[in-house]
Amino acid sequence: FDLDGSNRIENVIVDMGAYEKTVSLDEELSCIFSADPVEGLESLEAHFTAMVFGGNTNIVEYTWDFGDGHSDTGANLAEVSHVFLPGYHTVCLTVKNDADEEAEYTREQYIRVIPCTVYVAKNGSDQPPYLDWDTAAASLPVALELGPKKVLVGAGTYTIGAQLNIVKNVELRSFAGPE
């Protein structure tokens with residue numbers, strides 16, 4: 001219940017504010033979505049749920065762009081699932097109602113799938129999740145923060161400014177040998 005004692009559930013959605021927001025018939029179409037889970041290791045099946053608001057919520061088309069080269073479009077796709085491979089994926093939902101109004105909602109790098117092996121290199125571009133030598137992390141602590149199973153470290157001298165505590169089972173291996 002909100003501060004006035006009114007029910008905070010409207011259209012099967014719990015309002016997050018102190019007062020329930022009511023939707024008027026002349027409000028513009030809008031949408032949002034959530035997913036569960038949003039983080040995983042090596043591959044991830046995320047289940048998405050779309051929510052639409054506005055005066056006309058008779059949706060005739062949902063279009064999901066999963067940010068990995070795959071998309072899904074259809075009239076009955078308020079709930080969808082998608083399998084993601086390693087990477088940080090931006091997901092976008094576009095909805096269209098029967099009055100031909102459209103709304104769009106994007107969540108940047110919303111799905112994060114960590115590879116089992118990440119890379120550290122002096123000449124890497126430092127682009128998470130450090131999938132290869134070209135996008136490798138510049139430092140060991142940053143790569144370890146992701147929680148991979150294995151970290152391959154390229155040739156070079158790496159300075160670690162503080163004690164490095166590895167609290168998880170991870171294989172740390174020099175790619176160029178112990179020297």
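Hi everyone. Let me start with a pairing: strands S5, residues 44-53, and S8 run antiparallel and are joined by six bridges. One of the matched pairs there is Glu45 with its bridge partner Val83 in S8. Before I go on, please keep in mind that this is a predicted model.

Now let's step back to the sheet around that pairing. Three strands make up an open sheet in the order S3-S5-S8, and the pairing is antiparallel. Which strands stand at the edges of this sheet? They are S3, residues 30-36, and S8, residues 79-84; each has a single partner strand, so one side of each has no neighbour in the sheet. From one strand to the next, the twist averages 30°. As a general reminder, strands of a sheet pair through backbone hydrogen bonds, in either a parallel or an antiparallel way.

Let's stay on S8 and look at two of its residues, beginning with Ser81. Ser81 sits in strand S8 and is partly exposed, at 38% relative accessible area. Leaving out residues up to four places away in sequence, Ser81 touches Glu45, Ala46 and His47. With His47 there is also a polar contact between the side chains, at 2.5 Å. If you look towards S3, you can find Asp36: its C-alpha atom is separated from that of Ser81 by 9.5 Å, with the two positions 45 residues apart along the chain.

Then there is His82, also in S8. Is His82 buried or exposed? His82 is buried, because its relative accessible area is 12% and the cut-off for buried is under 20%. The side chain of His82 makes a polar contact of 2.8 Å with the side chain of Asp68. Beyond four places in sequence, the contacts of His82 are Leu44, Glu45, Ala46, Phe48, Phe66, Asp68 and His70. Glu45 and Ala46 may sound familiar, as Ser81 touches them too.

On to the interior. The largest nonpolar core has 23 residues, and Phe48, Tyr62, Trp64, Phe84, Leu93, Val95 and Ile111 have the most contacts inside it. At least two residues of this core come from each of S3, S5, S6 (59-65), S8, S9 and S10 (102-114). Which strand gives the largest share of the core? That is S5, with five residues. For a closer view, pick Leu93: not counting residues up to four places away in sequence, Leu93 touches Cys31, Ile32, Phe33, Ala50, Tyr62, Thr63, Trp64, Ala103, Glu104 and Tyr105. Apart from this core lies another one, of ten residues, including Val118, Ala137, Ala143 and Leu144.

Next, S9 and S10. These two strands pair in the antiparallel sense over nine bridges, and Cys92 stands opposite Thr106 in S10. S9 and S10 form a hairpin with four residues between them, and in the turn Asp100 has a positive phi of about 65°. Asp100 is exposed, at 57% relative accessible area.

Thr94 is another residue to click on here, placed in strand S9, residues 87-97. Thr94 counts as buried, at 18% relative accessibility. What does the side chain of Thr94 make a polar contact with? The partner is the side chain of Glu104, at 3.5 Å. Setting aside neighbours within four places in sequence, Thr94 is in contact with Glu61, Tyr62, Thr63, Glu102, Ala103 and Glu104.

S10 has a further partner in S4, residues 39-41: three bridges join S4 to S10, and these two run parallel. In this pairing, Gly40 stands opposite Val113 in S10.

Last topic: charges. In general, side chains of opposite charge can pair when their charged atoms come close. How many salt bridges does a search of the whole structure find? The search finds two. One takes us back to the hairpin turn, where Asp100 forms a salt bridge with Lys96, the closest N and O atoms being 3.8 Å apart. The other brings together the side chains of Glu171 and Arg173, at 2.5 Å from N to O. Both ends of that second bridge are partly exposed: Glu171 has a relative accessible area of 31%, and Arg173 is at 43%.

That's my tour. Thanks for listening!

Note on methods
Residues numbered from 1 in each chain as written. Predicted model: local features only at pLDDT ≥ 70, side-chain atom pairs only at ≥ 80, totals over all residues. Heavy atoms only, no water. Pairing = 2+ DSSP bridges. Axes fitted to C-alpha atoms, helices over the stretch in contact; angles between N-to-C directions. Buried < 20%, exposed > 50% of the residue type's maximum accessible area, 1.4 Å probe, protein only. Polar contact = N/O pair within 3.5 Å; in protein donor to acceptor, adjacent residues only side chain to side chain. Contact = heavy atoms within 4.5 Å. Core = buried A, V, L, I, M, F, W, Y, C linked by side-chain atoms within 4.5 Å. Salt bridge = Lys/Arg side-chain N within 4 Å of Asp/Glu carboxyl O.
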